[in-house]
Structure formats: C-alpha cells, structure tokens
Amino acid sequence: MTKDTFVLGIETSCDETAVAIVKNGTEIVSNVVASQIESHKRFGGVVPEIASRHHVEQMTIVLEEAIQESGLTWEDIDAIAVTEGPGLVGALLVGVNTAKALAFAKQKPLVGVHHIAGHIYANRLEQEFEFPLLALIVSGGHTELILMKEHGAYEVIGETRDDAAGEAYDKVARMLKLPYPGGPHIDRLAAEGKESIDFPRAWLEEGSYDFSFSGLKSAVINKIHNAKQRGETLKDEDIAASFQASVIEVLTEKTLRAAKEYNVNQVIVAGGVAANKGLRSELEDKFAQTDIPLLVPPLKLCTDNAAMIAAAGTINFEQGKRAGSDLNANASLLLK
Amino acid sequence: MYVLTIDTSNQVMGVAILKDDVVIGEIVTNIAKNHSVRLMPAIEQLMQEVSLTPDQLNRIVVAKGPGSYTGVRIGLSTAKSMAWALGIPVVGVSSLEVLAYQGRFFDGYICPFFDARRGLVFTGIYQWKEDKLNLVYEEKNISMEEALNKLKKAGEKTLFLSPDLALHKERIHDVLEDLAVLPDGPYHLANPGFLGLAGLNKEPDNTHGLTPNYLRLAEAEANWIKAQEEKK
Ligand SMILES: [Zn+2]
C-alpha cells in the first residue's frame, strides 16, 4: 500500500488569507479562508496596502485553524505549497515568507504554485482529470483558455488582449453604482432584465481564441452616457442583461470551438467568474449538446482558496519540482 | 536558551543567534537588495554555521518597525510563522528601540529615527537610566522640524542615531547646535545582536496578535477616516 500524500497550501495573492490541507491532490482535509471583503467594501475595491496588512494579522490564526480542523500533525504533512504569483506583490509576500518559514521550521519540501494552476486544480478536488483537457479561466484578473495534455503542463491557447472579464464586470458595476464586489450584482440584475440592447461581440480575427472586453466596456459606458444626454432612461436590469449576454456568448462560443478543435476529453471552468450563474447555465446548455463533459467547481472552490493551491502543489511535489529558500513573490508570473 | 533575531524592517538586513545573552553568530548587510529573497537563505546559513537545527530554538525576536511596510511584513510573517510552527515565543521590538541600544552609555536623550519622506520621520525619544532603556517621548510619525523644536525646548544633550542621518544632519546642527551629538557611521546601523538583547528582557507577544509597528495608517485608510469625520 502506498502512503497518502498530504500537502499544506497557502494562498494570499489578493484579499483572501487561506490555508488548506489536501490529501493525494484530490481530497480536501481542511480548508480555511479568511475573507477581507468586508474591510475592502469601504473603499469600493481591494486596497493592496490594506490587504497585505490583513494577511499579516490573519496568517497564523488561519494556519492554526487549518491544522486543527485537519486532525493531522506536522509528521503527516509531506510538503508546503504556496502561491508565488501572479497577484498583488505585497499580499503574495506574506504567503511566500510564511511558507518558507514553515518549510524551514518543520524541514519540509517547499513548492511554488501559479495561482491559475490552482484555479484549474480546484476541479480535481471534485473529479479526476481526463487529458487532454481545456480550461476556461475567468476571474477579476484573468480570461484565458488553457490546454493541458498532462498533469502540470499548461499551454495558453487564448488570453485577453486588454481587460479581464471580471474587470469589465467590475467597471460596469461601478457605472451602475452597484456595491463592491460588483460581479454577483450584475449577474443578479441580468437575471431580472431583458437583453434589449445590442452590445458588440469581440470575436477578433478568424480562428483566434483570444478575448477583448475593453470595446464592450466602452460601448456600455457610451450607451449609458448617450441615454442620459437624450433624457432616456435605461433599466439597469436590461443593461446588465445585455452586457452579460455579450460576455457569455463570446466566452461560451470560443470555449466550445476550442474544445472541438483540440478534441478534448474534458472542459473545466475556473476562477471567480465561474461562480456567475448566467455563464454557468449557458455553458451547461451548450455542452449538453456535445459529448464533452463540462466541469464547473462548486461555488466555494471558484473563489480564491488554498485547497486549490495544495491540489496543484501536490502535482508539482510529485513531479519533483521544488522551490528554494530564496523563493520570491512574482506579481506577473507566467503559467508554463 | 537559543534566540534567533530577525530585522528586515529597513534597508539593513540583520539576523543573529544568541545563546542566552551571548551573540554566537550574526549576518548584517546594508544594501538595497530584496529582503524576501535573502532572509531565509541567511537564516539557514547562520543556523548551519552555529550547528543548530530549528527545533533547538527557544525564542524568536523580530524588529517590528517602523520602517518599510514591505520589509516589516517580511520579517513579521517569517518570525510569527516560524515561532508558531515551533511552538516557541515570539517577541516584537520597535526598530527605533533597537537603534537606541547603540547609545547604551550616553547620558542624555537618544533620538533614533528613520526618514519617512516629505520632511517626516519616524522617531521617539529614549534615555538610559539605571541600566534600563526608557521611552521619554512616544514614537510618532512627525515632521523633523517639530521633533527638533521639541528637543531644543527640552534643552538636553541628544544623541542622534539613524541610517538616514545624512538627510537631516544640517537641520539638526542648525536647530540644536551644541546639544546635538552625531557619532560616526557604524553607530547608525541597527544591530541584530542588540535586537536579541532587547527581546530577552521583554514578555513574549501573543503570536497571533503581534502586528507591525506602523506608526502611520495606509493612505486609503487615512482618507477614509477623514471622510467619515467630515460626514459627522
Ligand atoms: Zn483567483
């Protein structure tokens, strides 16, 4: 019988202080997330300085809770995995230095994890991967299509050329004076509105899997502006519905096309925007008409957490990848 | 008792290991290089040199600022997590207090400071009395001008200790004249051995509760508080 592998993961790339322990890369043993949303609400967005400050205050508390919840001891832990990037550098630094201190104190191997690899591997906590697989990553900072032919190997086949989908959501939400974070509010309004405004779809050149959302964002801003000048009133619900329809159509169509072209065995949706109900149901509808299985993680695994970092870190650990004690935070780390 | 000390709160990076009150190893650099990359390798190297393993450590002492926000957080994250994992106490010491140790045999006031830009400094006034370091004026983020005027009024001889002395030397001379004592270079660098000495005499902090000694709010927070007060 082979021994189980337990990896402790740490995630501090934005405004969640998170620690988790995962067994064999597939099973959550404990998963603790301390969110700072309440604190950042005052400022209408994440303030990097304040995020870093919270991480320092929360880190050991969250660590202790994760260990206690797991019922494990340090003896059982095989490795420490930490998000090394991308993200807010000051926030990442707290996690990275914590991980290095733990690895040193307990003499455990240390592995660095790319935040997006974490989002992808959140799905493996639900269902085993079947390669080749296609991952659609949609979050506040990312909109990417990634092809994986094996564990730990990532090929970016499409990415955003300007704004991330989540960024566009945040900006439109601000235009509509919705509270932070705006994405869920747009999703909710969209469900109540009608797609009555024809916003552009950025398909880009033939065959491209890249995305662009800045044109859409400008179109929404112009529409609101012009309507105001003419004294017309647009319903916020309809703006949200029309905006969301444009985003979802492009995301869904490109994902569908790439899935067919690369003949994948699985499609995975990951990142904070994967929690969007409109996007979920459209993807589910479209993929139900194919024989390609679609995996969307449960809501609590879509947003930032450390179980996903531990899951992705388990692969790095098993593949012999190690980080040294000189590991640094890298705000613009590339996924390879 | 083995004590590990960590100071990454300002440009100087210092790591020391003490056996009781005797320093058995020290690494100090004063260069503008990344603390996050260099701290842990320095700790590893020093531990190896003095033939210690992490589980032999009995206490960690960390400089908690004021200083660079990032630097302070690197030091605190490292110290707190390590102490927590090893189940040993952690002690946070003000980075200004560490500097004040270099004035151990000075009778008057000691003014350690760090430049905080736009004419501001982080500073407090200390004084040694009967082998004890006392805080005479609380640590603050204030203008150097205001600090100097206060000292002038106090009329005490004052020893200035700061890695940023060059920036304020002229004004100190102008305002305080003969009251100002300005020693040579090495006195202005925080020493991780003294950090250990300061930490030996203090009650340990609550590991979870230990926070940086910021002395100043983040700008966004300060603006927010101001806006709230204006609303009232
Ligand atoms: Zn994320």
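1. Two histidines of one helix. In this predicted model, H115(A) and H119(A) both belong to helix 4 of chain A, which covers residues 115–121. The two histidines are four residues apart, about one turn of the helix. H115(A) is buried, and H119(A) is buried as well.

2. The zinc site. Which atoms coordinate the zinc ion? The donors are NE2 of H115(A), NE2 of H119(A) and OD of D304(A), at 2.0 to 2.2 Å. Along the chain these donors follow the spacing H-x3-H-x184-D. Helix 4 of chain A thus holds both histidines, and D304(A) joins them as a donor of the zinc ion.

3. Domain annotation of chain A. An unreviewed UniProt entry lists residues 27–310 of chain A as "domain: Gcp-like". Over this span the chain is 48% helix and 16% strand. The end C-alpha atoms of the span are 10 Å apart.

4. An aromatic cluster in chain A. The whole structure, searched over all chains, contains 11 aromatic pairs. In one of them, Y121(A) and F129(A) are tilted, at 4.9 Å centre to centre and with 45° between the planes. F129(A) also pairs with F131(A), in an edge-to-face arrangement at 6.1 Å centre to centre and 85° between the planes. Y121(A), F129(A) and F131(A) are thereby linked into a cluster by ring pairs.

5. Burial within that cluster. Are Y121(A) and F129(A) buried or exposed? Y121(A) has a relative accessible area of 0% and is buried. F129(A) is buried too, with a relative accessible area of 6%. F131(A), at 24% relative accessibility, counts as partly exposed.

6. Lysines over rings. In chain A, the charged end of K254(A) sits over the ring of F211(A), 5.8 Å from its centre. In chain B, the charged end of K150(B) sits over the ring of Y137(B), 5.1 Å from its centre.

7. Domain annotation of chain B. For chain B, UniProt lists "domain: Gcp-like" at residues 31–150, again from an unreviewed entry. This span is 38% helix and 32% strand. Its end C-alpha atoms lie 33 Å apart.

8. Helix 4 of chain B. The helix runs over residues 144–154, and M144(B), A147(B), L148(B) and L151(B) are buried in it. Why do the buried residues line one face of the helix? Seen down the helix axis, they fall within an arc of 95°, so they line one face. The elements that cover these buried residues include strand 6 (109–115), strand 7 (120–129), strand 8 (132–143), strand 9 (158–161) and helix 5 (165–176) of chain B. After the helix comes G155(B), which has a positive phi, near 70°.

9. L148(B) as an example from that face. L148(B), found in helix 4 of chain B, is buried, with a relative accessible area of 0%. Beyond residues up to four places away in sequence, L148(B) touches F160(B), R171(B), I172(B), V175(B) and L176(B). L148(B) and H173(B) are 25 residues apart in sequence, and their C-alpha atoms are 9.9 Å apart in space.

10. A79(B) in helix 2. A79(B) lies in helix 2 of chain B, residues 69–86. Its relative accessibility is 0%, and A79(B) therefore counts as buried. Which residues does A79(B) touch, not counting residues up to four places away in sequence? They are I6(B), I60(B), V62(B) and V90(B). A79(B) and D7(B) are 72 residues apart in sequence, whereas in space they are 9.7 Å apart, C-alpha to C-alpha.

11. V181(B) in strand 10. Strand 10 of chain B, residues 180–181, contains V181(B). With 24% relative accessibility, V181(B) counts as partly exposed. Not counting residues up to four places away in sequence, V181(B) touches F106(B), K157(B), T158(B), L159(B) and F160(B). For V181(B) and K157(B), the separation is 24 residues in sequence and 7.1 Å in space, C-alpha to C-alpha. F160(B) is also among the residues touched by L148(B) of helix 4.

Methods:
Residues numbered from 1 in each chain as written. Chains lettered and ligands numbered in written order. Predicted model: local features only at pLDDT ≥ 70, side-chain atom pairs only at ≥ 80, totals over all residues. Heavy atoms only, no water. UniProt positions renumbered as here; feature names shortened; annotations may be inferred. Phe/Tyr/Trp six-rings, centres within 6.5 Å; stacked < 30°, edge-to-face > 60°. Buried < 20%, exposed > 50% of the residue type's maximum accessible area, 1.4 Å probe, protein only. Lys NZ or Arg CZ within 6 Å of the ring centre and 35° of its normal. Donors = N, O, S within 2.8 Å, 3.2 Å for Na, K, Ca; no water. Contact = heavy atoms within 4.5 Å. Arc of directions from axis to C-beta.
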